[in-house]
Amino acid sequence: MGTLNILIAVCLGYVALLFLVAFMAERAALRGRAKWLRSPFVYTLSLSIYCTAWTFYGAVGFAARSGLEFLTIYIGPTLVMIGWWWGLRKLVRIGRTQRITSIADLISSRYGKSPLLAVFVTLIAVIGTTPYIALQLQSVTLSFASFSANAAETGQLGDHDATALWIAAGLALFTVLFGTRNLDANERHHGVVMAIALEAVVKLFALVAVGIFVVWGIGGGLSATLDRIDASAIGTWQVPDGRWAALTLLSAAAFLTLPRMFQVLVVENEDENHLRTASWAFPAYLMLMSLFVVPIAVVGLDLMPEGANPDQFVLTLPLSQGQEGLAMLSFLGGFSSATSMVIVAAIALSTMVSNHIVMPIWLRLAEGGAMISGDVRHVVLLARRLSIAGVLALGYLYYRFSGGGEALAAIGLISFAGVAQFLPALMGGIFWRGANRVGALAGLAVGFVIWAFTLFLPSFGPGVFLPETVFEAGLFGNSWLRPEALFGITGLDPLVHSVMWSMTLNTAVFILFSLLTFPQPLERLQGAQFVNVFQHTGNPQGWSGGVAQAEDLMVMAQRILGPAEAQSLFQRAATAQGLAGYLPDPTPEFLQMLEREMSGSVGAATAHAMVSQIMGRATVSVEDLLAVADETAQMMEHQSQLEAKSAELTRTARQLRAANDKLTQLSVQKDAFLSQISHELRTPMTSIRSFSEILRDAEELGQEQLTKYANIIHQEAIRLTRLLDDLLDLSVLENGQVNLNIQRGSLTALLDHATASTGVSGAGLRIHRRGLDLDVEMETDLDRLSQVFINLIANAKKYCDAPRPELTIRVAQRDNYLVVDFTDNGSGVPRDKQDLIFEKFARVSDQKAGGAGLGLAICREIMSRLGGAITYLPGQGGASFRVTLPMRMRQAAE
Amino acid sequence: MSRKQSPLFLERRSYRLRRLMDGARLMPFLGAALWAIPLLWTREGGAPVSTSRAMLYIFSVWFVLACLAAVLSIWLDGKAESERSNPQEGPR
């Protein structure tokens, strides 16, 4: 009884240690200062959950029964590990970029996020793993039994079932505590991984210790042990070829597809580079684990009594030699193997069950429940916890009802063959773009049915699930449907038979249906994303945070919208969020806005897919579309650049031509200026001189003539003064030295005054006014404005060459401007002069030398001082000038 | 997202790296071939192979493979990643 008590105490102590380690690791991870947590060796050690109690106890039993055949179970994973560059690297990369949470998630994501596929995979995984969990419970229970049997004090441990129940409950508690502590997006469990790494060390140490004791302590050294091996019942190589190859293949497949292996390999992976270390370290670990198996088996067969369970040799051999301490260590090793496997398997399965079965149902039942995010997290955690309990309960029930009698290895292999059915869908999914959902479903279904019929159901023995008659005569009396001899092929090992048929038909159906059916767009896009994962992603340095996502969005948006527009869009959004720079936080509002912006370029669906892909809520992968869009965008950009350049060149050329024309004209005008001004000054001067000479020299002049000549001189002097006044006025206006005298006045009154000043009323020019419904009160420099009006009316009077000259004054309001048009019915200004009429000394025709040609130049200067403009309005049926005046200088008279 | 515009010739270091990747890819085939040899043993008909010799062979293969993988993993250390971030495999 004492031994047993010690055993229980050690067990509880060990579990307490695991709790402590897991707890510390969780805390360290929480504080983010756990570098050693992210060591590649922790990763490698966590992979060792492949070595369960089946390895620890079962391998020896396996070896004792069938020699070296047990090695296939470890050779398969070794091949997978050293071939990491092919498959695992890709799986891990996909897992990280797609945020995969389980193997069911991976397969369903690949095939267009199919919920049906996810449920299916989850169910197969649960069915395939339950026997395996039962196996662990059984092995721990057996090891307790071995101790109690050895303890001569007839230590009663109650019954086995109670032991198994306690173990199951304890494991469930531990898993719930550390496996569902938090609902992390990454689905990582630092505490659990650390505890598993510790257990990996314990079980390796224990097995090697027993091995060393057996070889050097009992066997009498290396060569003596080798001799003993050759002399034993398993002394020669007697592994059937078929089983050697099939089991290697099976274990390699299971290594990739077992839910718990997928969990540690892909989901818990911290860094892709850890694979590199694991690629050699894990094979080395497996090699060490299997190194001493044969010696222990052979020595056990030699020393232990006939009928002793070879599955317990690791434990019973040291016990029989009185090595209580070593036996205790060995017991702990076995306990470690069993617990670590059960914990991880329970976590993996519970994730799958809750994500793919419980949550969808719950969301369906609770209408609109998905809207309340806080609620869902609690429900998910609860679902996980219940799933863990459920998985362990299933394992316990399987253990209860299967009786726990079979050899461990047999149960393990059945489980392997079950989960290996995922392999075609998994490998096809990551290497073959043509693989589709229908193919995957059909392949899985066929594989699962064959596995269940040929291996799983028969494993309960004839008469439990399958009646005896089925074994002998086949299903429904069809002899080609016998569970262990499908299609009439007899004589095969049942396992090889089942693996061969299920895997072959699974693959064949998968390929056939994939070829024949057509995938949905989502599947095709996901397929491209998975298969070409290395072309589409760099090495992800951890899960991308907010800034990285914003940057990715920016890169994408630039490709779709063009750099300038995308940058301004992002900058605006960042400013709106109160951030400096170009990268806003990817808030839902911003994403929605971006999506809308982009949908203008690529369509709404694609834009949605693009944004959600970058934001990790991947529904579709559109890298291919992106590539197309990129090229199109580049070409479009190039073309529009060319067009813009060409247009700009044309514009510049036109401007140059215009400038050149004007320069030429100005140059001509400048030449004319001097002669013009001298001419203008000389004409009156000549008159004044001539008439003053007459007055001086002529002696007989009548009073009348005297008055006439003096008048001429006076008039010419006035003309000269006016000319000089005009010149002075113009120069003052041009230099901007003018002081405006802002007054209020009515536009109508102003026009009346202008009309009267020019004295046109009786002189044949008829003036019409249009568009003046309402009088407008001006606030501007009325004198200057009236100067402009007078000039324009006088011009019309002077130059209008129509037989019945008419002038139309049209007043209108446009936006913020008052527009007054002066249009006569003459022949107008010729096209080639229109540009020049506002220049100084410009006159339309030399014949009618009515003025000095300064009037319009002065008008232009005045209008620009008043904030308006005067322009020539071509095509009005005569000479037409438009005076534009800003509204802000006037108020409506109401 | 240009699909593979690999240059025709690579500089010496990149070339070496490429061949190391090839080596890494060939590893599982080497392992499978070596561990397939036991399939021939049972055909000999005459003297069967003893378990100790079989163990020696299988574990030697195991050891050699682990060592090779270790060497490859050290050589591929980091370089492969920087190589892949080159434009040759396409930037993000």
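What percentage of the 92 residues of chain B count as buried? The model in the viewer is a predicted one, and in it 23% of the residues of chain B count as buried.

**Chain B**

Begin by selecting chain B and colouring it by secondary structure. Four helices and zero strands appear, in the order α-α-α-α from the N terminus. Next, select residues 55–76 of chain B, to which an unreviewed UniProt entry gives the annotation "transmembrane region". This span is 95% helix and 0% strand, and a distance drawn between its end C-alpha atoms should read 31 Å.

**Helix H14 of chain A**

Keep chain B displayed and select residues 293–303 of chain A, which form helix H14. Because nine of its 11 residues are buried, H14(A) is largely enclosed by the rest of the structure. The buried positions are A:Val293, A:Val294, A:Pro295, A:Ile296, A:Ala297, A:Val298, A:Val299, A:Gly300 and A:Leu301. To see what surrounds them, add helix H3 (53–66), helix H9 (190–218), helix H10 (222–231), H13 and helix H15 (313–320) of chain A. Helix H3 (51–75) of chain B also packs against the buried residues of H14(A).

**Helices H4 and H13 of chain A**

From this group retain helix H13 (residues 274–291) of chain A, and add helix H4 (residues 72–82) of chain A. Two packed helices are described by the angle between their axes and the distance between the axes. Here the axes come within 8 Å and cross at roughly 165°. An angle over 145 degrees counts as roughly antiparallel, and H4(A) and H13(A) are therefore roughly antiparallel to each other. The crossing is left-handed. Show side chains for the contacting residues: H4(A) contributes A:Tyr74, A:Pro77, A:Thr78, A:Met81 and A:Ile82. They meet A:Ala278, A:Ser279, A:Phe282, A:Pro283, A:Leu286, A:Met289 and A:Ser290 of H13(A).

**Helix H23 of chain A**

Move to residues 521–531 of chain A, helix H23, which is mostly covered, with eight of its 11 residues buried. Select A:Glu523, A:Leu525, A:Gln526, A:Gly527, A:Ala528, A:Gln529, A:Phe530 and A:Val531 to display the buried residues.

**Strands E3 and E5 of chain A**

Finally, select strand E3 (residues 742–746) of chain A: is this strand largely enclosed or largely in the open? The number of buried residues among its five is zero, so E3(A) lies largely in the open. Add strand E5 (residues 776–781) of chain A, which pairs with E3(A) in the antiparallel sense over five bridges. To inspect one of these positions, centre on A:Gly745, whose bridge partner in E5(A) is A:Met778.

Key: Residues are numbered from 1 along each chain as its sequence is written. Chains are lettered from A and ligands numbered from 1 in the order in which they are written. This is a predicted model: local features need pLDDT of at least 70, side-chain atom pairs count only at pLDDT 80 or more; totals for chains, interfaces and linings use all residues. UniProt positions are given in the numbering used here, feature names are shortened, and annotations may be inferred rather than shown by experiment. Helices (H or I, at least four residues) and strands (E, at least two) are DSSP runs, numbered from the N terminus. A residue is buried if 20 or more other C-beta atoms lie within 10 Å of its own, exposed if 12 or fewer, and partly exposed in between; C-beta atoms are placed from the backbone. Two strands pair if DSSP finds at least two bridges between them. Axes are lines fitted to C-alpha atoms, for helices over the stretch in contact, and angles run from 0 to 180 degrees between N-to-C directions. Angles under 35 degrees count as roughly parallel, over 145 as roughly antiparallel, 65 to 115 as roughly perpendicular and the rest as oblique. A crossing is left-handed if the near helix is turned anticlockwise from the far one by less than a right angle, and right-handed if clockwise. Two residues are in contact if their C-beta atoms, placed from the backbone, lie within 7 Å.
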